[in-house]
Amino acid sequence: MAFLDQSVAFGTKGYAWLPDLRRRHHGRPVPLRFGRQPAVAISGPDAARFFYHRGHLERHTALPSPVVDTLFGRGVHTLDGEAHRARKALFVALLMNENGVDTLATLVGKIFDERADGWRGGGPVTLFDEAARVLSDAAARWTGVPENDLLTSDLVAMVEGFASVGPRHLRARLARMRRERQLSKIIEDVRRQPPTDTAVSRIAHHLENGYLLDSRSAAVELINIIRPTTAVAWFAAFAGHALDRWPGTRARLREGDDAYTLAFVHEVRRFYPFVPFLGGRARRDLAFQSTDVPKGTLVLLDVYGQHHDPRVWPEPYEFRPERFLGRPIGEFELIPQGGGDPRTGHRCPGEQIVIATLGTLVQRLAKLDYYLPPQDTGIDLGRVPARPRSGIKIVVP
Ligand code: HEM
């Protein structure tokens, strides 16, 4: 069974696919075929360490083109070695500084407050849609890109369509094409002006080996900031789900308890399904836990499975922010945005942005007086990316 091509099983089972396979193999590495290629599925902190070990895996041949043409674009995600190091330095400089993170989180809070004022006394609003709008407006303002309504829906569409076939996927491709074209023009305009400190200007004027990026690649990297910032809306909807299911978590958030808020944010990122797995290709003959991983094998790191493994997280299906209180988190333990060192490897450089913006939204939500009208808040694990079916409708009286 494991040697049948598993792409169809992923299409139907979604997040449960790899955890099911791994359970049948008693947690050991699972050899399989994926997209007609030999692959091995692994999971757990040791597996994440193996996955991110320098020199083990490459990315540019591992990412399927449907994912690259929708979610990522042909930019930093697809680079290896020296080319990756040079491009990553741009993101580290832009995203991994406290000042920038605080400015963006403050903007998110301000825009949320403005929009929330408009909800009072009205009908139901959908938390997912509202959060996406708040986040994309904040990201646009922060990077220096003009805001508009279509921008939000295109950014959401790029994330929605990466793991699907049919209309959802087509919408994602069109959204990416449209936005890469629009932002390429903006990059060209910005290049005619003196450099400033905005992200759009810094990307437009960024030099690699003494040359500017071509305007399309610069646009892709700009989208690599505003798209995932907008994607925090998935976590915001999940946070709304958690506040509804576990109302006892609300009190400490309402008090503005920052340590508890951080723990709540980590638990949202652990508990709820977003990134199902990550992929890389073996650069040479390797072995993991006595299983051969020949050169060229696709290595799939089961992120969702790792976050629900009782050997790593006692009672993994309980939502318990307390599990993150008063202890450091291992580099390879909690990996919703990848593992290892974000400065040198592929780990997400936007992790502090996610933590800060989600923390801002979560505290505001906890302080807001609202109720959920009847709706289907169920989460279908077969759909990637998953989210509560209703998007979490709220009424603010
Ligand atoms: C919604 C929340 C987010 C999730 C779930 C997420 C997840 C991820 C994951 C899983 C990776 C790939 C790790 C790997 O390949 O090993 C990644 C990479 C990346 N993320 Fe995020 N991310 C999020 C938010 C952000 C934000 C807010 C930004 C920027 C503002 C960002 C920018 C990037 C970039 C530029 C990369 C490529 C890094 C590289 O290849 O070196 N992400 N993210």
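1. Let's start at the ligand. H84 puts a polar side-chain atom 2.7 Å from an oxygen atom of the ligand. Keep in mind while reading on that this is a predicted model.

2. H84 has company. For H346, the distance from a polar side-chain atom to an oxygen atom of the ligand is 2.6 Å, and for Y52 it is 2.4 Å. If you're clicking through these in a viewer, bear in mind that polar contacts here are pairs of N or O atoms within 3.5 Å.

3. Which residues come nearest to the ligand? Of the 28 around it, they are Y52, R59, H84, H346 and C348. So you'll meet Y52, H84 and H346 again in that list, alongside R59 and C348.

4. Where does the rest of the shell come from? Four helices give two or more residues each to the shell around the ligand: α5 (81–95), α11 (215–230), α12 (232–245) and α16 (351–367).

5. As for the chemistry of that shell, 17 of its residues are nonpolar, nine are polar and two are charged. Worth having in mind when you look at the polar side chains in points 1 and 2.

6. Now for empty space. How many cavities of 30 Å³ or more turn up in the whole structure? Just one. About 60 Å³ of space lies in this largest cavity.

7. Two elements give two or more residues to the cavity lining, namely α14 (258–271) and α15 (303–307). The largest share is from α15, with three residues.

8. Here's the lining in full, if you want to select it: F235, R269, R270, Y272, P273, F274, V275, V303, Y304, H307 and P336. Sorted by class, eight residues of the lining are nonpolar, one is polar and two are charged. Note that Tyr and Pro count as nonpolar in this scheme.

9. Stepping back to the whole chain, you're looking at 16 helices and 11 strands. The C-alpha atoms fill a box of roughly 60 × 55 × 45 Å along the principal axes.

10. Why call the overall fold compact? A compact globule of 397 residues would have a radius of gyration near 21 Å, and the chain has 21 Å, so the two agree. On the burial side, 56% of the 397 residues count as buried, where buried means under 20% relative accessible area.

Methods. Residues numbered from 1 in each chain as written. Predicted model: local features only at pLDDT ≥ 70, side-chain atom pairs only at ≥ 80, totals over all residues. Heavy atoms only, no water. 1 Å grid on protein atoms, 1.4 Å probe; cavity = no way out; pocket = protein on both sides within 12 Å on 5 of 7 lines; lining within 4 Å. Points joined across faces, edges and corners; volume = space filled by probe spheres on them. Near = heavy atom within 4 Å. Polar contact = N/O pair within 3.5 Å; in protein donor to acceptor, adjacent residues only side chain to side chain. Rg over C-alpha atoms; globule rule 2.2 N^0.38 Å. Buried < 20%, exposed > 50% of the residue type's maximum accessible area, 1.4 Å probe, protein only.
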